[in-house]
Amino acid sequence: MTETNRSICLTLPKSITKQVSTCANSEHYVTNFLQNALPSNDTDSIADELRKSLIFAKHKSKWNKKRRCRGKLLTSRKRMQLGLRKIAVAAAAAGNSGMKYVDLLPLNQLWLNYMRQVLGTKDFNQNVPRDSTDPHWENFNQQLMKADFHGAKILVVGSKCPSLIGLSGIVVQDTKSTFKICRKDNTIKTIPKDVVILNIYLDELKLQFFGKDISIRPTERTVKKFKCRRICEL
């Protein structure tokens, strides 16, 4: 270290520091400074001026706040590459373990309990409105359309495509345009919503609706207001 750098780090001599007066309270320091700096005619109003509240002091700057680091969501392509949207298919002939209909029966019971909470009833056969004259008819349909159908038992009773009629199973994936169901023979079938009429089974109660009415993503369906339509076409 050079001689110049050492002199910079030394403490100030007492001949200089004894002339400097410090205050523990910042307000007292400002008051003393103003009394020494301002003319004697203005020193009487110092206390009154310091009592005033400044408008900008009440509003804190937003730029000083630390921004939270939010993680980036996965893109659709990344999800496909990671296999997040793939359904495991049971291959009985190859002996591989996959999705089986028997393993999904507890999921169906869980879905029925969920529907009891959504519809606010313990017995589907007694507390479900039967026709449009019932005052609870509109509310019941709104809650049914907004529900999540993962785990529901469905049956295709009508379709523009004859090969889809009669397909039944438990829903394992509900997308915007399709249902993927697991059938009793442990096969996975994809059912397009736009071209089918479906039956949903709530225990012994059977409800029928057009798949086109729920051709919406499940997350968007929960907040959508459905309109009551008298005539529906496939």
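In what order do the six strands of the open sheet line up? In this predicted model, the order is S4-S3-S2-S1-S5-S6, and the pairing is antiparallel. Strands in a sheet hook up through backbone hydrogen bonds, and they can do that in a parallel or an antiparallel way. S4 and S6 sit at the edges with a single partner strand each, so one side of each has no neighbour in the sheet. The strands aren't lined up perfectly, either: ignoring direction, neighbours are turned by 40° against each other on average.

Now for the individual pairs. Strand S3 (residues 178-182) and strand S4 (residues 188-192) run antiparallel and are joined by five bridges. One of the residues involved is Phe-179, whose bridge partner in S4 is Ile-191. Between these two strands, the hairpin has five residues, and Asn-186 takes a positive phi near 65° there. Further along the sheet, strand S1 (residues 153-159) pairs with strand S2 (residues 168-174), again in the antiparallel sense, over three bridges. Here Leu-155 stands opposite Ser-168 in S2.

Next come the helices. Helix H7 lies across S1, S2 and S5, and runs at about 85° to S5. H7 also has a helix to deal with. To describe two packed helices, one gives the angle between their axes and the distance between those axes. For helix H7 (residues 105-119) and helix H9 (residues 137-146), the axes come within 10 Å and cross at roughly 140°. That makes H7 oblique to H9, because an angle has to be over 145 degrees to count as roughly antiparallel. The crossing of H7 past H9 is right-handed.

Which residues of H7 and H9 meet? On the H7 side they are Met-115, Val-118 and Leu-119, and on the H9 side Phe-140, Gln-143 and Leu-144. Sorted by type, the residues of this contact come out as five nonpolar, one polar and no charged.

Charges do turn up elsewhere in H7, though. Side chains of opposite charge can pair when their charged atoms come close. The count of salt bridges comes to two, and one of them is between the side chains of Arg-116 and Asp-203, at 2.8 Å from N to O. Arg-116 belongs to helix H7, while Asp-203 is in the loop between strand S5 (196-202) and strand S6 (205-210), so this pair ties together parts that are 87 residues apart in sequence.

Key
Residues are numbered from 1 along each chain as its sequence is written. This is a predicted model: local features need pLDDT of at least 70, side-chain atom pairs count only at pLDDT 80 or more; totals for chains, interfaces and linings use all residues. Side-chain values use heavy atoms; hydrogens and water are left out. Axes are lines fitted to C-alpha atoms, for helices over the stretch in contact, and angles run from 0 to 180 degrees between N-to-C directions. Helices (H or I, at least four residues) and strands (E, at least two) are DSSP runs, numbered from the N terminus. Angles under 35 degrees count as roughly parallel, over 145 as roughly antiparallel, 65 to 115 as roughly perpendicular and the rest as oblique. A crossing is left-handed if the near helix is turned anticlockwise from the far one by less than a right angle, and right-handed if clockwise. Contact means heavy atoms within 4.5 Å. Ala, Val, Leu, Ile, Met, Phe, Trp, Tyr, Cys and Pro count as nonpolar, Asp, Glu, Lys and Arg as charged, and the others, Gly among them, as polar. Two strands pair if DSSP finds at least two bridges between them. A salt bridge is a side-chain nitrogen of Lys or Arg within 4 Å of a carboxyl oxygen of Asp or Glu.
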